[in-house]
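Hi,

Here is the structure I promised to pass on to you. Have a look at it first, and then read my notes below with the viewer open.

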Amino acid sequence: MTGTLAPTKPLTAQDRCDRCGAQAYVRATLSGGADLLFCAHHGRKYAESLRASGAEIYDETDKLTENRLRGEDHA
């Protein structure tokens, strides 16, 4: 096995922010392998410190813009 991470499974509407319970658009995979899920707001708030701790950030906040353009503002 190489040191490459497996592709991250896309987030769904059932994935919730670990901080506030809103729909998650950001996954932070910690160096130990555990995941934290965040809404766009909390993802932005914690991303810098998580990266500094060695976490990998998987950001799907672009889905928010796509949804608004289609008139599906559910976030």
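**What I found**

Let's start with Phe38, which is buried, with a relative accessible area of just 7%. Keep in mind as you read that this is a predicted model.

Phe38 has an aromatic partner in Tyr46, and the two rings sit in a tilted arrangement, with 5.5 Å from centre to centre and 40° between the planes. Why does that count as tilted? Planes under 30 degrees apart would be stacked and planes over 60 would be edge-to-face, so an angle in between goes down as tilted. The count of aromatic pairs comes to 1. Tyr46 is partly exposed, because its relative accessibility is 22% and the cut-off for buried is under 20%.

Phe38 also belongs to the largest nonpolar core, which has 7 residues: Cys17, Val26, Ala28, Phe38, Cys39, Leu50 and Ala55.

**The overall layout**

Now zoom out a little. How many helices and strands does the protein have? There are 2 helices and 3 strands, and from the N terminus on they run β-β-α-β-α. The protein has 75 residues, and 28% of them count as buried. It exposes about 5,300 Å², with carbon and sulfur atoms supplying 51% of that area. If you take the contacts with a separation of 6 or more, 33% of them are between residues 24 or more positions apart.

**The strands**

Next, find strand S1, which covers residues 26-29. In a regular strand, side chains alternate between the two faces of the sheet. You can follow this in S1: Val26 and Ala28 point one way, Arg27 and Thr29 point the other way, and all are buried.

S1 has a partner in strand S2 (residues 35-38); the two run antiparallel and are joined by 4 bridges. Two bridge partners you can look up are Leu37 for Arg27 and Asp35 for Thr29. The hairpin of S1 and S2 has 5 residues between the strands, and Gly33 takes a positive phi near 105° there.

S1 pairs with S3 as well, again antiparallel and with 4 bridges. Here the bridge partner of Ala28 is Ile57.

Val26 is a good residue to click on. Leaving aside neighbours within four places in sequence, Val26 touches Leu11, Leu36, Leu37, Phe38, Cys39, Gly43, Ile57, Tyr58, Asp59 and Thr61.

**Around Tyr25, Glu60 and Lys63**

The last stop is a group of residues that come together from separate parts of the sequence.

Tyr25 lies in the segment before S1. Is Tyr25 buried or exposed? Its relative accessibility is 4%, so it counts as buried. The side chain of Tyr25 makes a polar contact with the side chain of Gln23, at 3.4 Å. Tyr25 and Cys39 are 14 residues apart along the chain, yet their C-alpha atoms are separated by 5.2 Å.

Glu60 sits in the loop between strand S3 (56-59) and H2. You might expect a charged residue to be on the outside, but let's go by the number: Glu60 has 5% relative accessibility and therefore counts as buried. Where does its side chain go? The side chain of Glu60 reaches the backbone nitrogen of Leu11, at 3.1 Å. Setting aside neighbours within four places in sequence, Glu60 is in contact with Pro10, Leu11 and Tyr25.

Lys63 is in helix H2, which spans residues 62-69. Lys63 counts as partly exposed because its relative accessible area is 28%, while exposed would need over 50%. Which side chain does the Lys63 side chain make a polar contact with? That is Glu60, at 2.6 Å. Beyond the neighbours within four places in sequence, Lys63 is in contact with Leu11 and Tyr25. The C-alpha atoms of Lys63 and Tyr25 are separated by 7.9 Å, with their positions 38 residues apart along the chain.

To put this corner together, Leu11 and Tyr25 are both on the contact list of Glu60, and both are on the list of Lys63. Try selecting these residues in the viewer.

Have fun exploring!

Key. Residues are numbered from 1 along each chain as its sequence is written. This is a predicted model: local features need pLDDT of at least 70, side-chain atom pairs count only at pLDDT 80 or more; totals for chains, interfaces and linings use all residues. Side-chain values use heavy atoms; hydrogens and water are left out. Buried means under 20% relative accessible area, exposed over 50%, partly exposed in between (1.4 Å probe, protein chains only). Contact means heavy atoms within 4.5 Å. A polar contact is a pair of N or O atoms within 3.5 Å; within protein, one must be able to donate a hydrogen and the other to accept it, and residues adjacent in sequence count only if both atoms are side-chain atoms. Rings of Phe, Tyr and Trp (its six-membered ring) pair if their centres lie within 6.5 Å; planes under 30 degrees apart count as stacked, over 60 as edge-to-face and the rest as tilted. Accessible areas come from the Shrake-Rupley method with a 1.4 Å probe; for residues, only the protein chains shown count as cover. A nonpolar core is a set of buried Ala, Val, Leu, Ile, Met, Phe, Trp, Tyr and Cys residues joined through side-chain atoms within 4.5 Å. Two strands pair if DSSP finds at least two bridges between them.
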